[in-house]
Amino acid sequence: MSIQQYSQEDFKKLKKAGCITARALDFLDDKIKPGITTNYIDRIVSEFLKSNNATSAPLFYKGFTKSICTSVNHVVCHGIPSEKILEDGDIVNIDITSYIDEFHGDASRMYCVGTPSVKAKKLVDVTYESLVRAIKILKPGVTLGDIGYEIQNFVENEGFSVVRDFCGHGIGRLFHEEPSVVHYGKKNQGMKIKEGMVFTIEPMINAGNFQTKVLNDGWTAVTKDKSLSAQFEHTVGITSNGCEIFTLSNKHDKELNQ
Ligand code: MF3
Ligand code: CO
Ligand code: CO
């Protein structure tokens, strides 16, 4: 399969799916607090998606049994919601992919449970800023290497590391399509992006080493050195002179609202 280039009609449907995902993430803002379980978050997001006539793409995807991913502290990605109780000082990534009218909208954000440590807060802020910087350079002709460079250069200067084992991906009619969008790289290297391409950028950034391992459940990826990890994700579509951020939040993403 080659890389899809989506039409303006498709962009409207991608915006609809992305908007539901963004609103589901906004809806969680005042609900993430010490004492709740990650299963509770899974349940309320599942209900939110249903009430918006959307379904969850992760549910039953390759055997995944929940509607969202919840990745706490040293979990890098693909954390499975459970009876685990969130505690004051935890940081948690919530990753939602809604599916509606044959299109996907994939985004994730970090939430601080109670009061985070200074280091955890910095990790979260640097991770978000790396995504913002990558999105700001997007336009036809930019290479995948340029995107990776933007993230890696910024993150490593701040003393953190970029996860290599997981990457962003093309998305649209399928949940995961070509190309792979890695979050490290060199300027001018790799494929040039074109108008109509749709993909996610979803940097996973570790406080320690970039190495990860997957637990015996087959999903949960953690940092090998047990250091904290953070991630933010948006779904974007390339336009003639920039990009449209389908999962943009009016409430957050102040830096990205033009
Ligand atoms: N939403 C994740 C991503 O950003 C994928 C989750 S797949 C699942 O690509 F099966 F773990 F849910
Ligand atoms: Co994704
Ligand atoms: Co995702």
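**View 1. The β4–β5 hairpin in the predicted model.** In this predicted model, I100 of β4 stands opposite F103 in β5, and the two strands form a hairpin with two residues between them. One residue of the turn, D101, has a positive phi of about 50°. Beyond the turn, the pairing of β4 with β5 is antiparallel and comprises ten bridges.

**View 2. Strand β4 and its pairing with β1 and β2.** Strand β4 (91-100) has nine of its ten residues buried, and it is therefore largely enclosed by the rest of the structure. Its pairing with β1 is antiparallel and runs over two bridges, with T55 standing opposite Y99 of β4. Strand β2 likewise runs antiparallel to β4, to which it is joined by four bridges, and here S71 is the residue that stands opposite N93 of β4.

**View 3. Helix α2 and the elements against which it packs.** Helix α2 covers residues 38-51, and because 14 residues at 1.5 Å each should span 20 Å, the computed distance of 20 Å between its end C-alpha atoms agrees with that expectation. The buried residues of the helix include T38, N39, I41, D42 and I44, and also V45, S46, F48 and L49. These buried residues of α2 pack against helix α1 (8-27) as well as against the strands β1 (55-56), β2 (69-72) and β4 (91-100). Just after the helix, N53 adopts a positive phi of about 60°.

**View 4. Coordination of the cobalt ion (ligand 3).** The cobalt ion (ligand 3) is coordinated by D95, listed with two OD entries, by an OD atom of D106 and by an OE atom of E233, at 2.1 to 2.3 Å. Around the cobalt ion (ligand 3), the six donor atoms subtend angles of 59 to 167°, which makes the arrangement irregular. Along the sequence, the donor residues of this ion follow the spacing D-x10-D-x126-E.

**View 5. D106 and E233 at the cobalt ions.** D106 bridges the cobalt ion (ligand 3) and the cobalt ion (ligand 2), and these two ions lie 3.3 Å apart. The pair formed by D106 and E233 links distant parts of the chain, since D106 belongs to strand β5 (residues 103-112) whereas E233 lies in the loop between β13 (229-231) and β14 (234-238), 127 residues apart. D106 counts as buried because its relative accessibility is 2%, a value under the 20% cut-off, and E233, with a relative accessible area of 1%, is buried as well.

Notes. Residues numbered from 1 in each chain as written. Chains lettered and ligands numbered in written order. Predicted model: local features only at pLDDT ≥ 70, side-chain atom pairs only at ≥ 80, totals over all residues. Heavy atoms only, no water. Donors = N, O, S within 2.8 Å, 3.2 Å for Na, K, Ca; no water. Tetrahedral: all angles 85-135°; square planar, octahedral: opposite > 155°, others 65-115°. Buried < 20%, exposed > 50% of the residue type's maximum accessible area, 1.4 Å probe, protein only. Expected span 1.5 Å × (residues − 1). Contact = heavy atoms within 4.5 Å. Pairing = 2+ DSSP bridges.
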